[in-house]
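Visitor: I would like a quick tour of this surface. Can we take it patch by patch?

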Amino acid sequence: MIQVGTILNVIENSGARKVCCIKVLSGYKSRYAFTGDLIMVSVKSLRTRRKATSKTKKGEIYKALVVKTKHTTKNIFGDTFKFFENSAVLISKQNKFIGTRVFGGVPLEFRYSRYLRLISLSNGVVY
């Protein structure tokens, strides 16, 4: 469950390391975001090796797609799973992914969503 003020890890190579949720975009008066939901985020810190060539800047506002949550979720096959961290992937204003690689696995439910490209950018799929 991601809400306003939650700090998330960025698991792509856009240059950002930590982001903070400032708005949940999924629905009218939604308070929480789960895996697969869009949120608005502000960049809090950058990766140390990428500060010079970063595609993002500290303090900028982006859309983000929630990829992993600590909250237990149920997938389409009825199995429950959860991750050790809250993480997201940054999206540009044209709804394209900013990074070109995603570190770690992503849930299988992205195969059946409009973000199918996320699976091809990641290392693998978590069932």
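Guide: First, a term: a polar contact is a pair of N or O atoms within 3.5 Å; within protein, one must be able to donate a hydrogen and the other to accept it. Note too that this is a predicted model.

Visitor: Which backbone nitrogen lies 2.9 Å from a polar atom of the side chain of Asn 86?

Guide: Start with Asn 86, in the loop between β6 (80-81) and β7 (87-91). A polar atom of its side chain has a backbone nitrogen at 2.9 Å. That nitrogen belongs to Lys 70.

Visitor: Is Asn 86 buried or exposed?

Guide: Buried means under 20% relative accessible area. Asn 86 has 15%, so the residue counts as buried.

Visitor: Which residues form the positive surface patch?

Guide: Two members sit in the loop between β3 (38-46) and β4 (61-68): Lys 58 and Lys 51. Lys 58 is exposed at 61% relative accessible area. Lys 51 is exposed too, at 53%. The full patch is Arg 17, Lys 18, Lys 44, Lys 51 and Lys 58.

Visitor: How far apart in space are Lys 51 and Glu 12?

Guide: In sequence, 39 residues separate Lys 51 and Glu 12. In space, C-alpha to C-alpha, the distance is 14 Å.

Visitor: What is the area of the nonpolar surface patch?

Guide: Its makers are Met 1, Tyr 32 and Phe 34. Phe 34 lies in the loop between β2 (16-24) and β3. Phe 34 is partly exposed, with a relative accessible area of 30%. The patch covers about 250 Å².

Key:
Residues numbered from 1 in each chain as written. Predicted model: local features only at pLDDT ≥ 70, side-chain atom pairs only at ≥ 80, totals over all residues. Heavy atoms only, no water. Patch = residues over 30% accessible without salt bridge, like charges linked within 9 Å, V, L, I, M, F, W, Y side chains within 5 Å. Areas by Shrake-Rupley, 256 points an atom, 1.4 Å probe, with all protein chains shown as cover. Salt bridge = Lys/Arg side-chain N within 4 Å of Asp/Glu carboxyl O. Lys, Arg positive; Asp, Glu negative; His and termini not counted. Charge placed at Lys NZ, Arg CZ, Asp CG, Glu CD. Helix = DSSP H or I, 4+ residues; strand = E, 2+ residues; numbered from the N terminus. Buried < 20%, exposed > 50% of the residue type's maximum accessible area, 1.4 Å probe, protein only.
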